[in-house]
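This report walks through one protein chain for a reader who meets it here for the first time. Please keep the sequence and the 3D view at hand while reading.

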Amino acid sequence: AAKCSVTCGEIMSRIGKKPIPIPAKVTVTINGAVVEVKGPLGTLKRTVPHQLSVLVVDQKIQVQPKEQDPLTPALFGLMRTLISNMVEGVVTPWKKDLEIQGVGYRATKTGQMLGLSLGFSHPVDFKVPELVQFTVDAKQTYISLTCPDKECQKRVDDVLSKEKVKRDNLKIEQLKREEERKKRSADSHK
């Protein structure tokens, strides 16, 4: 098995070395360090780190290392994967389905605003980026996100997950306060 080693002069990355095929509906433009991918679902751009170069050869995108830098091996495979996700996303959108579980929990859609009723005294509203398309089912418990940019969709999913973490932390804090109150009450009756 080959090992990745910057000191020996070779940069080995099985993922980074794979060429990315360009589908017929997609055009790829490289302007300096910026890769632009256009397809039926939109245009995505990404800046390539200075340690790497990107070439289009025979309807395939190739990522190649330019410099011997400690970060180059890590960036090599990462950039290839990110560009591949861009190419795939402008043809077939990335999709994520979310389910809201809880008594009285529901979601509503108003334009690009996602309203969530999560047991708080007020609904929580999120401004969803224009690039992300979403739908809420008739029961208002399923949210379906589609987007050509995988990272943009992931950020929206992370925001929604953080709201769940906040809600869980709030419940834990309430339980702690209740326990402290019970403890004080028991101490005062002694």
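Gln-59 lies in the loop between β5 and β6, and in this predicted model its backbone takes a positive phi of about 60 degrees although the residue is not a glycine. Asp-58 lies in the loop between β5 and β6 as well, and the phi of Asp-58 is near 55 degrees, again a positive value in a residue other than glycine. Such values deserve a remark, because most residues other than glycine have a negative phi. As for their surroundings, Asp-58 is exposed, with a relative accessible area of 68%, whereas Gln-59, at 49% relative accessibility, counts as partly exposed. Gln-59 is placed in that class because partly exposed covers the range between 20% and 50%.

The strands on either side of this loop belong together: β5 and β6, the latter made of residues 60–65, pair in the antiparallel sense over six bridges. Within this pairing, Val-56 stands opposite Ile-61 in β6. Both strands are part of an open sheet of three strands, whose order is β1-β6-β5 and whose pairing is antiparallel. The edges of this sheet are formed by β1 (20–21) and β5 (52–57), each of which pairs on one side only. Helix α2 packs on the sheet and touches β1, β5 and β6, and the direction of α2 makes about 165 degrees with that of β6.

Seen as a whole, the chain has three helices and 12 strands. Buried residues make up 35% of its 190 residues. Among contacts between residues at least 6 apart in sequence, 53% join residues at least 24 apart.

Another open sheet, also of three strands, has the order β7-β12-β11 with antiparallel pairing. Here β7 and β11 stand at the edges, each with a single partner strand, so one side of each has no neighbour in the sheet. On average, and with direction ignored, neighbouring strands of this sheet are turned by 15 degrees against each other.

Two antiparallel strand pairs in the chain can be set side by side in a table.

| Strand pair | Bridges | Residues facing each other |
|---|---|---|
| β8 (106–110) and β9 (113–117) | five bridges | Thr-110 and Met-113 |
| β11 (133–136) and β12 (142–147) | four bridges | Val-136 and Ile-143 |

Which residues take a positive phi in these two hairpins? In the hairpin of β8 and β9, which has two residues between the strands, the residue is Gly-111, with a phi near 65 degrees. In the hairpin of β11 and β12, where five residues lie between the strands, Gln-140 takes a positive phi near 65 degrees.

A further feature to look at is a pocket. The second largest pocket has a volume of about 190 Å³. Its lining is made up of 13 residues, of which Trp-94, Lys-150, Glu-151, Gln-153 and Lys-154 lie nearest the centre of the pocket. Sorted by class, the lining has three nonpolar, two polar and eight charged residues. Which elements each supply at least two residues of this lining? They are α2 (72–89), β7 (94–99) and α3 (150–188), and α3 gives the most, with five residues. Two of these elements have already been met, since α2 is the helix that packs on the sheet with β1, β5 and β6, while β7 is an edge strand of the sheet that it forms with β12 and β11.

Lys-150, one of the residues nearest the centre of the second largest pocket, is found in helix α3. Is Lys-150 buried, partly exposed or exposed? At 38% relative accessibility, Lys-150 counts as partly exposed, because this value falls between the limits of 20% and 50%. When residues up to four places away in sequence are not counted, Lys-150 touches Asn-85 and Trp-94. The C-alpha atoms of Lys-150 and Lys-95 are separated by 8.6 Å, although these two residues are 55 residues apart along the chain.

Note on methods
Residues numbered from 1 in each chain as written. Predicted model: local features only at pLDDT ≥ 70, side-chain atom pairs only at ≥ 80, totals over all residues. Heavy atoms only, no water. 1 Å grid on protein atoms, 1.4 Å probe; cavity = no way out; pocket = protein on both sides within 12 Å on 5 of 7 lines; lining within 4 Å. Points joined across faces, edges and corners; volume = space filled by probe spheres on them. Nonpolar A, V, L, I, M, F, W, Y, C, P; charged D, E, K, R; others polar. Pairing = 2+ DSSP bridges. Contact = heavy atoms within 4.5 Å. Axes fitted to C-alpha atoms, helices over the stretch in contact; angles between N-to-C directions. Buried < 20%, exposed > 50% of the residue type's maximum accessible area, 1.4 Å probe, protein only.
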